[in-house]
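Me: Please take a close look at the strand pairing in this model, and then follow the picture outward from there. I would like one connected account, with each cut-off given where its term comes up.

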Amino acid sequence: MSTEPGAPLLAVDQVVRHFKVSASAGSPGGTLRAVDGVSLTLAAGQTLGIVGESGCGKSTLARLVVGLLEPTAGVIRVRGGDIWEPGAAGRERRRQFQMVFQNPAGSMNPRRSVGASVAEPLQARGVRKTDDDVARMLELVGLSPDMASRMPHQISGGQQQRASIARALIARPALVVHDESIASLDISLQAQILNLLVDLQQSTGTAYLFISHDLAAVQAISHRVVVMYLGEVVETAPAQDFAQRPLHPYTIALRNATLTPDPAVERGRAKIILRGDVPSPMNPPSGCRFRTRCPLAAPICTQERPALRDAGEAHHVACHFADAARRLQDASAAPADEVAAC
Amino acid sequence: MSDTPVLQVRQLTTRFHTPHGAVTAVDGVSFRVGRGETLGLVGESGSGKSVTALSILRLVSHPGRIEAGTVEMNGTDLLRLDEEAMRRRRGTEVGMVFQNPMTALNPVYSVGWQMREALKAHGREQDATALIQRALADVGMPDPVRQAASFPHQMSGGMRQRVVIAMGMLNEPQLLIADEPTTALDVTIQAQVLDLMKRLTHDHGTALLLITHNMGVIAKMCDRVAVMYAGEIVEEAPVDELFAHARHPYTQGLLRSIPRADQPRGKLPTLPGAPPDMGALAVGCRFRPRCEFAQTRCAAHPDLLDAAPAHRVRCWVAQDAAGVGAPGVH
């Protein structure tokens, strides 16, 4: 094995994934740049949160990390070893990660019992007697071991998602990728599952790559947060610093648009309304990809792609304006008065 | 705001007769929406909030049936109208916006054509072109003439939802019913669409019944809030009062368990258990199996009573704390 002892559990290095789109009625076809040069690392036992809106490439990144998709360029390493190294070494590395999907009903075989589905990762590794492990795992995720004999449609959505988590953890993977794993649950269940994930991480030492469109949920669970926009990382920081000191105009706008269950906060909030929609990843803007919606866009943003620069405290941001937060506050002060009048 | 409400719902009850037995999705729901007011109806899946909206519009389909209650709009009971009279009121008196714009728009006709149909249905086709363009401009569409000629699939999700809102407002209804209007949208687009709805309803004096599971949307948009649980309203209050002094244990638990963007990493206080199975409800208070304050008397069903001015709550413990309700009654 060519794994290096000091290497992080997961290292994504300048990874690119493009899709060919063929021409059809109303679209000329071309290359869709889903993930375009993303780098990140994740240490064992930690949670890395990835937040972004539709089309930012977060789900493609999830599939790349677990080896369901092969990168167009760049390398994904597990403890220093390339997961696409030809032969058995690469294949073994691709088996070390598990995934939990958004829709628990769709990710369980409707014709197999819950227990049989949960046992699958063990059976794939040649383990024959799995009943005890399944019972122990179901208990760990807060389900009764009797649930093993039920069919997926006989249990609720929240229970199905707990079973999916049990299935992901049963073969003791080093990393579980969560792709919107709480998005389809009711609010009271979301909090239960988030807490369960934190507890399970403490008892099993599993690392999480937690992908979500919900900034508040990502912040509640992550040690470190990455913000993606149109296939690129625009900001990354430790969770605490990220909450206190967002630096990229997109992050600030995203935080501003994330509603807080508090009418006083909502009324007092300075408004940063982004113009228009996310541009197509088939034809991303030149320079900074956020510039078409950015309230601070200047000529340099069209010409030059901003690199991720160090902003101290392990905080990195890709924006030409170091003082974006203050500039945005000044820019939004005027319209806020107008709104207060009505 | 004048005294007669736009909408007054009394004891509305809607049942679904399934092969596994009858399920009462909406059970004796009463509330009012004043002129120009925004009332939020909030709850988790299965709480009955969407069926309440469909019942008001008389769009409940088989095996569902409205079995009791009245739905008065400007004093007329919609449940007693014949189908033709009801059809004429949809759109003119009450407009609607649903969660998924693709199911509200016809994929094979242009947006302008569909809006013209909505005007024609109510005999307003003379100035249709001008009305359509103004409505599209009103919802912030950049080039109304071109947009009217485009088809739904040529637009983004946010743009489609703007079109649906423009259609909902086209015949200037006094009440707009919006069921999870921004749930399918990205948060930055949600912010745009909510701001738009707030501005439009304010400018036209339209009342809004906003149905959502998102407490953040409620906080931003509403004047008053009704919280639903298992087919019933369990608490109702002005928005500031509800968020600052929630009295029902369900509302309190729900508000505490929502992660907030202004809070750092950490565990959340949770509500135990799962939303109820509507086919097998607890006897008495329906929240009892999940409630940390449950007592023996909660085996009797509590009524929705005033615990403070304009603040109704359906909980024995909260009613005792407020000194209302009579022990042992009902």
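Reply: Two strands count as paired if DSSP finds at least two bridges between them, and the helices (H or I, at least four residues) and strands (E, at least two) are DSSP runs numbered from the N terminus. This is a predicted model, in which local features need pLDDT of at least 70 and side-chain atom pairs count only at pLDDT 80 or more, while totals for chains, interfaces and linings use all residues. Residues are numbered from 1 along each chain as its sequence is written, and chains are lettered from A and ligands numbered from 1 in the order in which they are written.

In chain A, strand β1 (residues 10–21) runs antiparallel to strand β2 (residues 30–42), to which 10 bridges join it. Within this pairing, A:Val15 of chain A has A:Val38 in β2(A) as its bridge partner. Strand β1(A) also runs antiparallel to strand β4 (residues 73–78) of chain A, and this pairing is made by 5 bridges, with A:Leu10 standing opposite A:Val78 in β4(A).

Chain B offers an open sheet of 4 strands, in the order β2-β1-β4-β5, with antiparallel pairing. The edge strands here are β2 and β5 (76–77) of chain B, each of which pairs on one side only. At the β5(B) edge, 2 bridges join strand β4 (residues 64–73) of chain B to β5(B), the two running antiparallel, and B:Glu72 has B:Asp77 in β5(B) as its bridge partner.

Strand β2 of chain B also matters for the domains. Chain B is divided into domain 1 (7–222) and domain 2 (232–322), with bounds from an automatic or database domain assignment, and the C-alpha centres of these two domains lie 28 Å apart. Between them, 15 residues of domain 1 of chain B are in contact (C-beta atoms, placed from the backbone, within 7 Å) with 10 residues of domain 2 of chain B. On the domain 1 side, β2 (21–33) and α9 (215–221) of chain B each supply at least two residues, and the largest share, 7 residues, comes from β2(B).

The contact between the chains takes 40 residues from chain A and 41 residues from chain B. On the side of chain A that touches chain B, the elements giving two or more residues are α6 (187–204), α7 (215–221), α8 (239–244), α9 (249–257) and α10 (263–268) of chain A, and α6(A) gives the most, with 8 residues.

Helix α6 of chain A leads in turn to helix α5 of chain A, since the buried residues of α5(A) pack against α6 of chain A, as well as against β6 (97–100), α3 (114–124), α4 (131–140) and β7 (175–179) of that chain. Helix α5(A) is mostly covered, with 12 of its 13 residues buried, where buried means that 20 or more other C-beta atoms lie within 10 Å of the residue's own. Among these buried residues are A:Arg162, A:Ile165, A:Arg167 and A:Leu169. At 1.5 Å a residue, the 13 residues of α5 (residues 157–169) of chain A should span 18 Å (1.5 Å times one less than the number of residues), and the end C-alpha atoms are 19 Å apart, which agrees.

Technical notes:
Contact = placed C-beta atoms within 7 Å.
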